[in-house]
Amino acid sequence: MPELPEVETVRRGLEQHVVGRTIDSVRVLHPRAVRRHLAGTADFETALAGRSLDSARRRGKYLWLSVGEDGLLAHLGMTGQLLAVEPQAPLSPHVRIQFAFKDEGPDLRFTDQRTFGHMCLVPDGAELPAPIAHIAPDPFEPSFDPVTLTRRLHQRHTGVKRALLDQSLVSGIGNIYADEALWRAGLHWARPTETLNGPEVSRLLTAVREVLGEALAAGGTTFDDMYVNVDGESGYFERSLAVYGREDEPCLRCGTPVRRDPFMNRSAYSCPRCQPRPRRAHW
DNA sequence: GCTTGCGCCTGAATGC
DNA sequence: TGCATTCAGGCGCAAG
């Protein structure tokens, strides 16, 4: 699943493979992939032809390619991939957008089985493209401020995992790394944010940074080949997961079987002993 | 204003 | 065997 480490891996691949090149033509094969490009499919195709890609940037799980005054914004959703593929290679079944380049080098192909991801061309703001102005800095950005985050956590009346998944509080964290960070910090996912003390918040932030950093070093987490980098290669962080997807398997710290709870129509994995359920909980 | 829940989507896994 | 159901998840939006 593309969370911060996976998206950053893709951004680096884009930097290597497409930045500095000029688009020749764009073909949208599934209109849903450009549903957030409000001017429509045809406009998306014509507006990008002949434009050069200046840089590849990222905030949280969003990435964008600077195109002059505009930004080609992408979100990978659940199953999105941006692949550099030789132009003569046949189109795989889930290719949604195909970018061909003037230099006749590799295409950029946006592939997305479930079409939760999307791309759009938008004006590039001073710092961020407008559609993602509400996305908070991720924990690796210079503008990330732990003091502000701590204050906002205390103002919230919700569970700590919900807060970690809220991209307007802190970005880049999804279901997998939220569970992993909470396990490392020894905090239960339903712990009310307003009851977290200073040391607990800093323990949590340290855990978040560690988990994201280690996953990035491993090239991300790949399940069922649903995430691959621009070269089509899988990450190998899955083997390092402590709780996510390990229901009934022993906790790596204490051996207690990992528990899976229903959470927001998905799952929360935790160790019942290392992460005791709080008396008061926000589900 | 803040919090919560739904719909979108496909294919693998599971149930009958 | 084959059909139906469930599940996975991020995001935006609507409802409470």
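Which residue of β4 does Leu63 stand opposite? Leu63 stands opposite Ala74. The structure discussed here is a predicted model, in which local features need pLDDT of at least 70 and side-chain atom pairs count only at pLDDT 80 or more, while totals for chains, interfaces and linings use all residues. Residues are numbered from 1 along each chain as its sequence is written, chains are lettered from A and ligands numbered from 1 in the order in which they are written, and side-chain values use heavy atoms, with hydrogens and water left out.

Confidence was examined by chain and by strand. The average pLDDT (the predictor's confidence in each residue, from 0 to 100) of chain A is 90. A score of at least 70 is reached by 96% of the residues. Strands here are DSSP runs (E, at least two residues), numbered from the N terminus. In chain A, strand β1 (residues 23-28) has the highest confidence, at 96, and strand β9 (residues 259-263) the lowest, at a mean of 89.

Strand pairing was then traced (two strands pair if DSSP finds at least two bridges between them). Strand β2 (residues 55-59) and strand β3 (residues 62-67) run antiparallel and are joined by 5 bridges. Ala56 faces Leu65 of β3 across this pairing. The hairpin of β2 and β3 has 2 residues between the strands, and Gly60 takes a positive phi near 55°. β3 also pairs with β4, again antiparallel, over 6 bridges. This hairpin too has 2 residues between its strands, and Gly68 in the turn has a positive phi of about 60°. On its other pairing, β4 runs antiparallel to strand β8 (residues 118-123), with 6 bridges. There Ala74 stands opposite Met119.

Burial was assessed next (buried means under 20% relative accessible area, exposed over 50%, partly exposed in between, with a 1.4 Å probe and protein chains only). Strand β4 (residues 70-75) is largely enclosed by the rest of the structure, because 6 of its 6 residues are buried. Asp70, Leu72 and Ala74 lie on one side, and Gly71, Leu73 and His75 on the other. Asp261, in strand β9, is buried as well, with a relative accessible area of 5%. Its contacts (heavy atoms within 4.5 Å), not counting residues up to four places away in sequence, include Trp189, Arg266 and Arg277.

The DNA strands were considered in turn (a residue is near a strand if one of its heavy atoms lies within 4 Å of it). The residues around DNA strand B include His94, Phe116 and Asn265. By class, 1 is nonpolar, 6 are polar and 4 are charged. Of the strand B atoms within 4 Å of the protein, 74% belong to sugar or phosphate. The side chain of Arg156 places an N or O atom 3.0 Å from a phosphate oxygen of strand B. For Arg162 the corresponding distance is 3.3 Å. Arg32 has a side-chain N or O atom 3.4 Å from a sugar or linking oxygen.

DNA strand C is surrounded by 16 residues, and the closest are His75, Met78, Tyr244, Arg266 and Ser267. Sugar and phosphate make up 68% of the strand C atoms that come within 4 Å of the protein. An N or O atom in the side chain of His75 is 2.7 Å from a phosphate oxygen of strand C. Polar side-chain atoms of Arg260 and Lys61 lie 3.3 Å and 3.4 Å from phosphate oxygens of this strand.

Note on methods: Polar contact = N/O pair within 3.5 Å; in protein donor to acceptor, adjacent residues only side chain to side chain. Nonpolar A, V, L, I, M, F, W, Y, C, P; charged D, E, K, R; others polar. Helix = DSSP H or I, 4+ residues; strand = E, 2+ residues; numbered from the N terminus.
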